[in-house]
Number of protein chains: 2
Amino acid sequence: MLSSVTHSLRLGASGCQGSMRSMATVISGNKTSKLVRERLKNEVEKMRSQFSGFRPSLVVLQVGDRDDSNLYISTKLKAAAEVLHSIMSVNENLSVHGLIVQLPLDSVNPINTELITNAVSPDKDVDGLSCINAGKLSRGDLGDCFIPCTPNGCMELIRQTGVSVAGKHAVVIGRSKIVGAPMHDLLLWNHATVTTCHSKTPDLPEQVSRADILVVGAGRAEMVSGQWVKDGAVVIDCGINHVPDETKASGKRVVGDVHYASAKQRAGFITPVPGGVGPMTVAMLMENTVQSAQRFLLKNQSRW
Amino acid sequence: MLSSVTHSLRLGASGCQGSMRSMATVISGNKTSKLVRERLKNEVEKMRSQFSGFRPSLVVLQVGDRDDSNLYISTKLKAAAEVLHSIMSVNENLSVHGLIVQLPLDSVNPINTELITNAVSPDKDVDGLSCINAGKLSRGDLGDCFIPCTPNGCMELIRQTGVSVAGKHAVVIGRSKIVGAPMHDLLLWNHATVTTCHSKTPDLPEQVSRADILVVGAGRAEMVSGQWVKDGAVVIDCGINHVPDETKASGKRVVGDVHYASAKQRAGFITPVPGGVGPMTVAMLMENTVQSAQRFLLKNQSRW
C-alpha cells in the first residue's frame, strides 16, 4: 500500500510483460494525497504572505445529524427553505470560498437534492455538483469549472503513473454524478477514447478487456475480476464496500469494486482499497477550495 | 432517399444477414421530420384551442449580416454589450418561448461565445447550448432540460428504425458541443454502452467495427469507410461537407462524414446526406420551442 511514489512514477508503455511479468505497481493514495496537501500548504502560505491575514475557507453544510460525517458544521435543518436560506447566506459571505452540502440530505421532510446542489454559487461549488459546473466539465471547459473531487483525485493518481492519457482507450464503469459521469468527461478531455459501461452493459468482461485505463465506480464489491483486466492496464478502483470477514474484530472489512489480488497480477498499475482513491478525495476538496480562494483573490485584489 | 417510414419501422435484430444480404434500409429525415412537424402542428392547435390567442414563439438572434441564415431576425450588432442587452430583453419577454443565437458570431469586435450562449435564459435555451442545459443532459436529467437539436433529431431517427438503444454498443465520432458530446449523453441515458472517438483516437476502424449504433459528427467528408461498419449497424451521419464535383452545375456536391455507397452495403439502417439528419435539426428546434411553450403554459396557467 505504501509503495513509493518514485516507483509509481515509472515511465513506459503499459504493454504485456510476458508470463514472468511482475505484479502491478501499487499507486498509493496515501502518498499522493500527502504530496497534494504539501503543495497546497505552500500555496496557502504564499497567499497569506501576499495578502496578510487571508485564508481559504470551506463551509460544510450538513443537514440533520448523521454521524458519518466528521466535518465541522452540523445542524438540524428541517426543510428546504431553511437549507436554502443557509446556502444563500454562505454564498454571500465573502470570507468563504468553498461550500459543500453533505449528501444524502438527512431530513424529516423530503428535500429536492437537485434544488439544493444548484443553490450553491457556482463560484463556491467546490464539489463540482451544480449543473453549471457539470455542464462546463462535460463540454470541455475544464479551466473554468470545479471538477468533482473523486474523479479529480483519480486523474491525479493516473498522472502519478507516468502513463499518458491521450490516445489511450479508457473504460469507466458507472455513470453517477459524483464519480462515473465526470470521470468520463475528464478522460475524454484529456484526449482518451472513452467507453462508459453501466448496469445495462451486457458484455462487461469484453469491454474491460480493452481498457488501457480502467476506472471503476460501480459500488459493487469485487465485481471486476482480475481475469478481465488487460495486461499492463492502469486500474483505478473507486469502490468502498464492506464485506463480512470473521477474522476481523469488527466482523467485516473494506474492499473495492475490483478483485484486487487477481487484478494486481495483470495490471501495470493499481490502486489499493483502502489507501487508494479514498485519501485523494479529501485532498482534492482542499485543492478546489484553494483554487477558489486564488480565483477570489485574482478578482478582488483591489478589495483586499 | 425517400424510402418510406413504414419500411424503416421494420423491427428486428441488427445482425449479419449472410453474404446475400440486402442493402441497408434508408432512414429518411425528410419523411421523419414531416411526421414530427405534423405532430407539433396538432399540439400547437391543442394549445391554441385551450388558451385562446396563444402561440409558441421563437426568436433567432443573428449577429452581423451573414447571409447563410434564412431566419427572421437579422441585425448588425457590434459588441458583446449590445448582444447581451438584446438577449436580456428577449429573456424578459413573456410572449417569447425560445431564443437561439446564430453561431458563429459575426462581429467586427471579437465576442466571447460562451458568455453569449450562457446569457440566454435556460428556460428559453431551445438550442440546449447553455452550461445549465448541458449539465442536466450530461448527468441524466433529460426531462428537465432542452436537448440540442441535431442529436435530438438523431435519436428520433434511431427510434424510427425500431432498434432499441438500451444494452447496445454505440460509438460516437466527435465531441463537439452541438453534436458529439450531447449525442454521447443521449445514447448513454437511453442505456447504451457508449464509446466516444475523436481526432486523437488511434484505432478508429476498430472502434467503429464494434458499433451496433454509429453516429458520426466529425466534419470530414466520407472519413468513415463502409468496410469499418459492423454488419447490420444503425449508421447516422451528421456530416454536411461540400466536395468538388464537375458533373454538377455548381461544381460541387454535398456528402456526409460516412462513405455512403460502401456503408449502405453493410449497415442495417443508414441516413442519407442530404435528406437525413439535416431536416431533423430544424424539426427538433420547433419541437423544443413547442415544449418550451407547453412548460410556460403549465407554469402560468392562471396568468393566461
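## Worked exercises on a predicted two-chain model

**Exercise 1. A salt bridge inside a helix**

Take the salt bridge between the side chains of A:Glu43 and A:Arg39, with 3.8 Å from N to O, and work out how these residues are placed along their helix.

*Solution.* Keep in mind that this is a predicted model. Start with the distance: the cut-off for a salt bridge is 4 Å, and the pair comes in at 3.8 Å. Next, look at the helix. Both residues sit in α2 (residues 29-50) of chain A, and because they are four residues apart there, about one helical turn separates them. To put the pair in context, a search over all chains turns up 22 salt bridges in the whole structure.

**Exercise 2. Sizing up the interface**

Find how many residues of each chain are in contact, and what area is buried between chain A and chain B.

*Solution.* Begin with the residues: 33 from chain A touch 33 from chain B. Then go to the area, which is about 2,700 Å², with carbon and sulfur atoms giving 56% of it. On the chain A side, the residues that lose the most area to chain B are A:Arg139, A:Arg175 and A:Thr193, together 24% of what that side buries.

**Exercise 3. Polar links and who supplies them**

Count the salt bridges across the interface of chain A and chain B, then say which elements of chain A give two or more residues to the side that touches chain B.

*Solution.* The rule finds four salt bridges across the interface. In one of them A:Asp185 partners B:Arg139, and their closest N and O atoms are 2.8 Å apart. Polar contacts between the two chains come to 18 residue pairs. Now for the elements: α5 (131-138), α7 (180-189) and β5 (193-197) of chain A each give two or more residues to that side. The largest share, seven residues, is from α5(A). Sorted by type, the chain A side has twelve nonpolar, twelve polar and nine charged residues.

**Exercise 4. The symmetry**

What turn and what shift along the axis lay chain A on chain B?

*Solution.* A turn of 180 degrees with a shift of 0.0 Å along the axis does it, and the RMSD is 0.0 Å. That is how a two-fold axis relates two copies. The contact residues fit this picture: 100% of those in chain A recur in chain B, so the same surface serves both copies.

**Exercise 5. Following the sheet across the chains**

Trace the order of the twelve strands in the open sheet, and identify its edge strands.

*Solution.* Walk along the order: β1(A)-β10(A)-β7(A)-β6(A)-β4(A)-β5(A)-β5(B)-β4(B)-β6(B)-β7(B)-β10(B)-β1(B), with mixed pairing. The edges are β1 (25-26) of chain A and β1 (25-26) of chain B, each pairing on one side only. Then check the step between chains: β5(A) pairs with β5 (residues 193-197) of chain B in the antiparallel sense, over three bridges. There, A:Thr195 has B:Thr195 as its bridge partner. For a parallel pair, go to chain B, where β6 (residues 213-216) and β7 (residues 234-237) join over four bridges. In that pair, B:Ile213 is bridged to B:Val234.

**Exercise 6. Backbone oddities**

Where does A:Pro104 lie, and where does A:Glu222 lie?

*Solution.* A:Pro104 is in the loop between β3 (98-101) and α4 (113-117) of chain A, and the peptide bond leading to it from A:Leu103 is cis, with omega near 0 degrees. A:Glu222 belongs to the loop between β6 (213-216) and β7 (234-237) of chain A; A:Glu222 has a positive phi of about 50 degrees although it is not a glycine. Chain B offers a cis bond to look at as well, from B:Val273 to B:Pro274. B:Pro274 lies in the loop between β10 (269-270) and α10 (277-299) of chain B.

Notes: Residues numbered from 1 in each chain as written. Chains lettered and ligands numbered in written order. Predicted model: local features only at pLDDT ≥ 70, side-chain atom pairs only at ≥ 80, totals over all residues. Heavy atoms only, no water. Contact = heavy atoms within 4.5 Å. Buried area = accessible area lost by both parts, 1.4 Å probe. Polar contact = N/O pair within 3.5 Å; in protein donor to acceptor, adjacent residues only side chain to side chain. Nonpolar A, V, L, I, M, F, W, Y, C, P; charged D, E, K, R; others polar. Pairing = 2+ DSSP bridges. Least-squares fit on C-alpha atoms with pLDDT ≥ 70 in both.
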